[in-house]
Each structure stands twice: as structure tokens, then as C-alpha cells.
Amino acid sequence: MLDVAVARARILEKLAPCGQETVSIASACGRVLASPLLARLSNPPVSVSSMDGYAVCAEDAQKGATLTIIGEAPAGHPSSLTVTKGHCIRLFTGSQIPTGADTVLIQENMQRDGNTVTLLADGQQGQFIRKQGQDFQRGETVLPAGHLLTARDIGLAAAAGHVWLTVSRRPRVGILATGDEIILPGDPAQPDSIVNSGAFMVTAYLNSLGADAILLPVARDNGESLSAAIEHASHLDLLVTIGGASVGTYDLVRDAFKPHGLELDFWKIAMRPGRPLMSGQLGKTPMIGLPGNPVAAMVCSLVFVQAAIRALIGQKVSEKLETETAILGSDLKQNDQRQDFLRCTLTPQPDGQLPLATPFASQDSAQLNILAKSNALLIRAPHAPAVKAGTVCNIMRLP
Ligand SMILES: Nc1nc2c(c(=O)[nH]1)N[C@H]1C(S)=C(S)[C@@H](COP(=O)(O)OP(=O)(O)OC[C@H]3O[C@@H](n4cnc5c(N)ncnc54)[C@H](O)[C@@H]3O)O[C@H]1N2
Ligand code: MOO
């Protein structure tokens with residue numbers, strides 16, 4: 001059985017970014033920038049006031065001085081006048097600083113009398129001025145390629161003068177559940193029907209990562225039905241199957257896909273849950289075969305498919321799984337040859353201590369209730385020795 005890290009690297013080896021498209025800034029939140037974003041404008045474009053008040057020469061910024069108001073410059077209406085000693089211009093937050101002025105005095109510290117103002121306090125040279133380009137300069141790279149755009153970045157892109165952004169195309173991912181017992185939520189159920197929770201869960205997760213994932217029609221446990229399902233694969237950037245991957249008589253995915261050009265890279269890895277994970281290529285379409293047990297399908301999605309989606313979107317993928325340390329909340333027996341991903345609760349601890357990770361007593365890979373109540377996976381290396389509660393362990397937080 002293949003090591004988890006090796007399996008992950010082998011999946012990533014086959015994947016390259018799937019393309020780009022241009023979208024408006026209004027719909028770019030959550031997308032990934034395909035190329036560095038250079039500012040088309042400087043921010044602020046000119047030096048502006050950060051307060052409502054008066055633009056003066058610094059040498060006049062002394063308590064008791066009386067200055068003559070020579071004009072007014074609301075934001076968007078710059079003054080063409082030059083401020084000289086003994087004079088000032090009335091301005092407002094966002095007003096361009098007039099020529100000659102290098103200091104802004106706030107109106108609360110001024111006593112106005114008709115066309116003059118008297119200073120009630122000293123001012124510092126340069127105060128209350130937002131310098132031209134102090135936020136960013138035209139031509140500056142404000143966001144790097146591969147960056148996941150947040151609402152804050154949309155604000156930045158707009159301020160930098162962009163209406164359209166080139167982002168990675170959302171990878172088209174088909175989720176193909178298999179099995180005669182599988183029904184859709186709400187379908188009339190036979191006594192032994194199993195609802196397609198796995199595909200809904202994986203689809204929701206992959207869409208949350210930026211994929212354009214859809215549920216394909218459920219394939220039945222026969223070659224014909226599985227073959228028909230493959231027709232959809234050629235339009236996909238990634239095919240993800242669920243179930244039919246193990247060693248049972250009706251676990252037909254490998255055999256049914258072979259005549260359609262499936263080149264299997266690996267099948268079976270040293271992981272729990274997730275042993276029957278498959279990876280290969282169906283014609284030009286990369287394929288990942290997830291185990292049918294829904295918890296195993298989700299854990300494998302977190303460990304492998306998440307990285308695959310990031311690679312297809314052109315985001316950086318760390319070679320190693322991103323883990324954190326925690327304190328083990330209960331004793332654990334010696335591990336066998338499979339790397340374990342135990343569903344656990346992670347409880348914050350006071351005074352900067354590491355959080356407490358307590359695995360659930362049942363780790364059955366069909367228990368969605370426990371998966372939903374978990375907020376982390378506790379990771380144990382193959383053959384890890386028995387450990388006592390209180391020791392440091394590795395965890396992955398669950399989204
Ligand atoms: N003799 C062996 N039996 C099994 C082995 C093994 O090594 N030797 N491996 C076990 C492990 S580990 C897993 S995981 C499962 C996975 O097998 P498959 O990938 O072939 O999955 P199925 O047999 O199709 O289904 C397993 C289980 O999950 C339910 N299921 C399937 N699809 C879905 C879905 N979309 N949503 C919800 N539930 C689903 C299905 O009804 C079965 O109960 O094999 C073990 N057996
Ligand atoms: O590895 Mo299976 O994935 O035990 O449920």
C-alpha cells in the first residue's frame with residue numbers, strides 16, 4: 001500500500017492550472033488571480049486632506065496667528081490658487097492640497113471671523129495630509145498571481161482602477177457516485193437504500209474551494225451504467241468517483257473504465273479511512289476514485305482532492321499536509337501500517353496552551369454524525385507507538 005504523502009505527490013504531478021477567464025470585479029470575490037495585479041492609478045492620486053479644515057504654510061501653523069481665507073476647495077474641485085504666508089484655503093476631507101500649502105489645520109482649532117481665521121492651537125508641518133501614492137503607486141504590484149480574492153482585495157482592485165480581473169477558470173469537476181443502493185435525498189427508499197450523502201458533501205466542499213463541481217447521474221453497479229457515465233468525463237478537468245473502488249464483486253469502477261482508456265496510477269493506500277483510494281487518467285481527464293464510505297470520501301477529499309483543486313486553480317500547494325500541534329485528550333493504542341485520520345474535537349485551552357484534541361470513541365467511516373460534530377482530524381503516522389493523554393499530537397482543522 002502506498003504512503004499518503006507519496007500518493008498526494010503522485011496526484012499533484014499530473015495536474016496543471018486549467019485556464020483563465022476575465023470577470024468583473026463585482027463577481028471576482030473568491031476567485032484566484034491568474035496574473036499579478038498592477039495598479040493603474042496611484043492612491044491617493046494626489047496629496048489630499050484627511051480632515052475638514054484649512055490648508056496653510058507650516059510657518060503659519062502657530063497658535064494666535066490670523067490668516068486670510070483666499071478660497072475654498074471642496075473634494076473634487078481643486079483650487080488653482082497658491083497658498084502663501086499669511087493666507088489659507090478652506091478645504092474638506094478628500095480635498096486636493098493646494099499649491100504652496102504643506103499643512104492642514106482642523107476647523108475645531110480655528111476661530112473663523114468672516115474672511116479670516118485665527119489659530120487656537122499650534123500645528124505640525126505636514127499634518128493631516130495623505131501624501132500622493134502613500135497607499136500605492138501606479139504600476140506597483142498590489143496583488144500577486146495565485147492570490148485568492150477577498151472582499152478587501154476587490155476594494156483594492158477597484159481603487160487601483162480595475163474593472164475586469166483575469167482569474168483562474170473554475171475547474172469543472174464531475175462527481176460520480178456509484179452503487180445500486182444509492183438514492184438521492186427524497187427519493188422513495190427501499191429498506192436498504194443509502195442516500196448519496198457522499199457526493200453532496202464532496203460537491204459542496206469542492207465548490208467551497210472554487211471548483212465548478214456538479215453531481216453526475218448515479219452509476220449503477222454494472223459495466224453498462226458505468227460506461228454511460230463516462231461520456232460526461234471528456235468535458236471535465238477532474239473526474240471524482242465515489243464507491244465501487246474496493247475488492248467486492250460489484251466494485252466495478254476500475255474494470256468498467258479500463259476499456260475507456262483508464263490508466264490507473266495507483267489503487268490502495270496506507271490510510272484510514274481511505275484505503276481503496278484510486279488515482280489515474282481517463283483519456284485526458286485526471287480521475288480520483290474516492291472510497292464509498294462517506295467519511296472516507298470526505299477525509300480523502302480534504303487530503304487529496306483539495307490539493308488537486310488548488311493545483312487546477314493555480315494556487316500554491318504545499319508538499320506536506322498543513323498540520324498543527326495539539327495535546328492529546330485520551331490514550332491511544334499502537335497504530336498499524338495505515339496513517340490514521342481520527343475524527344476528534346479540538347477544545348481551546350486557557351493561557352496560550354495548545355488545544356486539546358480528543359478522538360471520538362467510534363471511528364467508523366460511515367458515521368456522518370460524528371464527522372459533523374468533529375472539528376479536527378488527529379493524524380497518526382503508520383506504526384506510531386501507544387501514547388498517553390497529555391502528549392503532543394498533530395491535527396488538521398476541519399473546514
Ligand atoms: N474485503 C474487503 N472489504 C473492504 C475493504 C477491503 O480492503 N477488503 N475495504 C473497506 C474499506 S476501507 C472501504 S473504505 C470500503 C470502500 O469500498 P468502495 O469504495 O468499494 O465503496 P462501496 O463498497 O461502493 O461502498 C462502501 C459503503 O459506502 C456506502 N456508499 C457508497 N457510496 C456512497 C455515497 N455516495 N454516499 C453515501 N454512502 C455511500 C455504501 O452503501 C457502502 O455501505 O470497502 C471496505 N470493504
Ligand atoms: O478506509 Mo475505509 O476508508 O475504512 O473506510
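Q: What makes the sheet of β16, β13, β17, β21, β20 and β18 an open one, and how is it paired?
A: In this predicted model, the 6 strands line up as β16-β13-β17-β21-β20-β18, with mixed pairing. β16 (212–215) and β18 (262–267) sit at the edges with a single partner strand each, so one side of each has no neighbour in the sheet. On average, neighbouring strands here are turned by 20 degrees against each other, ignoring direction.

Q: How do you know that β20 and β21 count as paired?
A: Pairing takes at least two bridges between the strands. β20 (residues 278–282) and β21 (residues 285–290) are joined by 5 bridges, so they qualify, and they run antiparallel. As for who faces whom, Ser279 stands opposite Ile288 in β21.

Q: What puts a residue in the shell around ligand 1, and which ones come nearest?
A: The C-beta atom, placed from the backbone, has to lie within 6 Å of the ligand. Around ligand 1 there are 26 residues, and Gly198, Gly243, Ser246, Pro291 and Gly292 come nearest.

Q: Which helices each supply at least two residues of that shell?
A: Those are α3 (197–208) and α6 (294–313). The largest share, 3 residues, comes from α3.

Q: How does the shell around ligand 1 divide into nonpolar, polar and charged residues?
A: The split is 12 nonpolar, 11 polar and 3 charged. Gly counts as polar, so Gly198, Gly243 and Gly292 go in the polar group, whereas Pro291 is nonpolar.

Q: What are the pieces of domain 1, and how many Å separate its centre from that of domain 3?
A: Domain 1 takes in 4–17 + 170–313, while domain 3 is 48–130. Their centres, taken over C-alpha atoms, are 67 Å apart.

Definitions and conventions: Residues numbered from 1 in each chain as written. Chains lettered and ligands numbered in written order. Predicted model: local features only at pLDDT ≥ 70, side-chain atom pairs only at ≥ 80, totals over all residues. Domains from an automatic or database assignment. Helix = DSSP H or I, 4+ residues; strand = E, 2+ residues; numbered from the N terminus. Axes fitted to C-alpha atoms, helices over the stretch in contact; angles between N-to-C directions.
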